[in-house]
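Work through the following exercises with the sequence and the model open side by side. Each task is followed by a solution in steps.

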Amino acid sequence: MKGCDASVLLDDTDDFTGEKNTVVNRMLPLTFEVIDYIKEDLERICPLTVSCVDILTLAAREAVLLTGGPFWRVPLGRRDGTTSDPKAIAQIPSPFDSLETITAKFTSKGLDLMDVVALSGAHTIGSAQCSTFKRRLFNFQGTGQPDPSMDASFLSNLRQTCPNRADANSNRAPLDSVSPYRFDNTYFENLASNTGLLESDQALMTDPDTADLVNIYRMYPRFFFHDFANSMVKLSYVGILTGEEGQIRQNCRFVY
């Protein structure tokens, strides 16, 4: 993830192995297919005009809007990268990262603590595999016990979805168990009640500055929507290619 350059869409070739089939991204085949369909339609109407990265950026906005979230204007004109590196996924926050590590990854991209909390709110929709949070249920930080910060009822329900067996690792649980298909501020309500799913989510309550933002967003959804939209615009400028840099791909899977 050098930046917003659609490197994640590139298929592996004889010359390089990209990000697409890494553990983090191989669970997104439907996302990749949707982008392919949009690109095909655009190429028929206005060939070599709209980049794959601009399609991705617009699609993210539309997905949020369609599920009840805010609208924001998406600056356009980015160009697509011509390479991909699987090591780049190390720059993406992991569900096992500490808040300190997550914050460092954000600040290395020019983002700040407010962006950390606001963008984490994207976990109001979607789901996660049991392998990303199962250690919280059975062996938190090697203690042989569950994460003591977890709500007891929430823990019991998750153990039914994710029993302590290897064959359950691919089972999934919603990131927001209250309203998993609606973009709202319930994610922050969950954190305040110790029912955040991922270790990295619940970590937002361990620091007074991030906890203050969590409480503001859970009480005032309009503030969350406002800050989330602003943070998405900031994120969309990270590592972009413009002018003569990169290219506009004809097919998002390949460079030409």
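Helices (H or I, at least four residues) and strands (E, at least two) are DSSP runs, numbered from the N terminus. The model is a predicted one.

**Exercise 1. Describe the overall fold of the chain.**

Step 1. Take the secondary structure: the chain has 10 helices and 2 strands.

Step 2. Put these elements in sequence order, which gives α-α-α-α-β-α-α-β-α-α-α-α.

Step 3. Check the radius of gyration. A compact globule of 256 residues would have a value near 18 Å, and the 19 Å of the chain agrees with this.

Step 4. Add the outer dimensions: along the principal axes, the C-alpha atoms fill a box of roughly 55 × 40 × 30 Å.

Step 5. Look at burial and contacts. Of the 256 residues, 44% are buried. Among contacts with a separation of 6 or more, 70% are between residues 24 or more positions apart.

**Exercise 2. Which residues touch the most other members of the largest nonpolar core, and which helices supply at least two residues of this core?**

Step 1. The largest nonpolar core has 24 residues, and those touching the most other members are Trp72, Val117, Phe188, Leu204, Tyr217 and Phe228.

Step 2. Helices α3 (99–107), α4 (113–120), α7 (186–192), α9 and α10 each supply at least two residues of this core.

Step 3. Take leucine 204 as an example. Leaving out residues up to four places away in sequence, Leu204 touches Leu99, Val116, Val117, Ser120, Tyr187, Leu191, Thr210, Ala211 and Val214.

Step 4. Note the second core, which is separate, has 14 residues and includes Phe133, Leu137, Phe138 and Leu158.

**Exercise 3. Is serine 231 buried or exposed, and which residues does it touch?**

Step 1. Locate the residue: serine 231 is in helix α10 (residues 221–235).

Step 2. Apply the cut-off for buried, which is under 20% relative accessible area. Serine 231 has 2%, so this residue is buried.

Step 3. List the contacts. Not counting residues up to four places away in sequence, serine 231 touches Asp115, Ala118 and Leu119.

Step 4. Compare sequence with space: serine 231 and aspartate 115 are 116 residues apart along the chain, while their C-alpha atoms are separated by 5.5 Å.

Step 5. For another pair, take threonine 83, in the loop between α2 and α3. Threonine 83 and aspartate 54 are 29 residues apart in sequence, with 17 Å from C-alpha to C-alpha.

**Exercise 4. Examine three salt bridges and the burial of their partners.**

Step 1. Begin with the total, which is 14 salt bridges in the whole structure.

Step 2. Glutamate 43 and lysine 39 form a salt bridge through their side chains, at 2.9 Å from N to O. The two residues are 4 residues apart in helix α1, so about one helical turn separates them. Glutamate 43 is buried at 13% relative accessible area, and lysine 39 is buried at 2%.

Step 3. Arginine 61 pairs with glutamate 62, with 2.5 Å between the closest N and O atoms. Arginine 61 is buried at 9%, whereas glutamate 62 is partly exposed at 32%.

Step 4. Aspartate 167 and arginine 165 meet in a salt bridge of 2.9 Å, N to O. Aspartate 167 is exposed, with a relative accessible area of 56%, while arginine 165 is partly exposed at 46%.

Step 5. Salt bridges also link Asp11, Lys20, Asp36 and Arg253 in a network.

**Exercise 5. Which residues other than glycine, among those in loops, have a positive phi?**

Step 1. One of them is leucine 48, with phi near 50°. Leucine 48 lies in the loop between α1 (29–45) and α2 (52–66), and is partly exposed at 44% relative accessibility.

Step 2. Another is glutamine 141, also with phi near 50°. Glutamine 141 is in the loop between α5 (134–138) and α6 (152–161). At 58% relative accessible area, glutamine 141 is exposed.

**Exercise 6. Which residues make a nonpolar surface patch of about 350 Å²?**

Step 1. The patch is made by Ile216, Met219, Tyr220 and Phe223.

Step 2. Place one member: methionine 219 lies in helix α9 (residues 208–219). At 45% relative accessibility, methionine 219 is partly exposed.

Step 3. Set the patch beside the whole surface. The chain exposes about 13,000 Å², and carbon and sulfur atoms supply 56% of this.

Notes:
Residues numbered from 1 in each chain as written. Predicted model: local features only at pLDDT ≥ 70, side-chain atom pairs only at ≥ 80, totals over all residues. Heavy atoms only, no water. Patch = residues over 30% accessible without salt bridge, like charges linked within 9 Å, V, L, I, M, F, W, Y side chains within 5 Å. Areas by Shrake-Rupley, 256 points an atom, 1.4 Å probe, with all protein chains shown as cover. Salt bridge = Lys/Arg side-chain N within 4 Å of Asp/Glu carboxyl O. Buried < 20%, exposed > 50% of the residue type's maximum accessible area, 1.4 Å probe, protein only. Contact = heavy atoms within 4.5 Å. Core = buried A, V, L, I, M, F, W, Y, C linked by side-chain atoms within 4.5 Å. Rg over C-alpha atoms; globule rule 2.2 N^0.38 Å.
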